[in-house]
Every structure is written in structure tokens, then in C-alpha cells.
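Reader: Hey, got a minute to walk me through this model?

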Amino acid sequence: MLPFDMVKVFKALADPVRLTIVRGLLADSPGAERHCSTFGLTVTRATRSHHFKVLREAGLIRVVDKGNMAVAVLRWDEIEHELPGLVQLIRHTDN
């Protein structure tokens with residue numbers, strides 16, 4: 001999926017909910033898996049699914065099928081390799 005489409009990446013990160021999701025994944029260890037319900041989002045299930053789809057299509061996360069559920073994983077290493085400094089920028093920029 002690399003290299004990243006910069007327009008998709010920045011459009012994905014421009015939404016506060018998606019930025020919250022990425023920051024939540026950044027707070028975990030690299031490679032950590034999180035279910036979409038663990039982010040404390042105050043949006044409907046359908047809207048939440050849409051946000052994860054946008055992040056996946058932008059290449060920022062991958063979704064791992066765990067049978068009866070799916071979890072999100074930040075593509076941390078790939079982002080750092082292709083877009084050096086973006087992870088630090090996301091961490092240290094206010095909404």
C-alpha cells in the first residue's frame with residue numbers, strides 16, 4: 001500500500017474523531033491491537049466504522065480479523081519510514 005497518498009492521509013487526520021483514534025493508538029506500544037469500542041468515542045456505531053474505514057484507506061491503520069471481532073493496529077513503522085516526523089507531529093499538536 002506504500003507509498004502513502006498524502007491527500008488521503010491529511011484528510012483522514014483533519015477530522016477530530018479520527019485524530020483521537022490515531023492518538024489513542026500512538027499512546028499504546030507499537031503493534032498494539034485495539035478494538036474500536038475502546039476509544040471512548042461518542043459517535044454511533046456506523047459513524048465509528050466509517051472513521052476506521054477512512055483511516056484504513058489512508059493507510060494509517062490496518063485491521064486484524066480476530067474471528068468474531070476486528071482490531072485496529074497503527075502502521076507505526078511504515079508511517080515513520082515513509083512520512084518521517086508525522087508521528088511526532090500528531091503527538092505534539094493540539095486539536
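Author: Sure, one term up front: axes are lines fitted to C-alpha atoms, for helices over the stretch in contact, with angles from 0 to 180 degrees between N-to-C directions. This is a predicted model, where local features need pLDDT of at least 70, side-chain atom pairs need 80 or more, and totals for chains, interfaces and linings use all residues. Numbering starts from 1 along each chain as its sequence is written, and side-chain values use heavy atoms, without hydrogens or water.

Reader: Cool. Which strands does α2 lie across?

Author: α2 lies across β1, β2 and β3, and runs at about 80 degrees to β3. Helices (H or I, at least four residues) and strands (E, at least two) are DSSP runs, numbered from the N terminus.

Reader: And the sheet, what order are the strands in?

Author: The order is β1-β3-β2, in an open sheet of three strands with antiparallel pairing. Pairing takes at least two DSSP bridges between two strands. β1 (34-35) and β2 (61-65) sit at the edges with a single partner strand each, so one side of each has no neighbour in the sheet.

Reader: How many bridges join β1 to β3?

Author: Two, and the strands run antiparallel. R34 is opposite A72 in β3, while H35 has V71 as its bridge partner there.

Reader: What about β2 with β3, how many bridges?

Author: Five, again antiparallel. V63 has A72 as its bridge partner in β3, so to picture A72, put V63 on one hand and R34 on the other. Further along, D65 stands opposite A70. β2 and β3 form a hairpin with four residues between them, and G67 in that turn has a positive phi of about 90 degrees.

Reader: Is β3 mostly covered or mostly open?

Author: Mostly covered: four of its five residues are buried, meaning under 20% relative accessible area with a 1.4 Å probe, protein chains only (exposed is over 50%, partly exposed in between).

Reader: Switching topic. Where is A12?

Author: A12 is in helix α1 (residues 6-14). Its relative accessibility is 0%, so A12 counts as buried.

Reader: What does A12 touch?

Author: Setting aside residues up to four places away in sequence, A12 touches R18, V54, L55, A58 and L60. Contact here is heavy atoms within 4.5 Å. By contrast, the C-alpha atoms of A12 and T38 are 20 Å apart, with 26 residues of separation along the chain.

Reader: How do the axes of α1 and α2 cross?

Author: They cross at roughly 95 degrees and come within 5 Å. α1 and α2 are therefore roughly perpendicular (65 to 115 degrees; under 35 is roughly parallel, over 145 roughly antiparallel, the rest oblique). K11, A12, L13 and A14 in α1 meet P16, R18, L19 and V22 in α2.

Reader: Last one: which residues touch the most other members of the largest nonpolar core?

Author: L13, L60, L74 and I79, out of 25 residues. A nonpolar core is a set of buried Ala, Val, Leu, Ile, Met, Phe, Trp, Tyr and Cys residues joined through side-chain atoms within 4.5 Å. α1, α2 (16-27), α3 (45-57), β3 (70-74), α4 (76-82) and α5 (86-91) each give at least two residues, and α2 has the largest share, five. Beyond its neighbours within four places in sequence, L60 contacts residues including A12, L13, L74 and I79.
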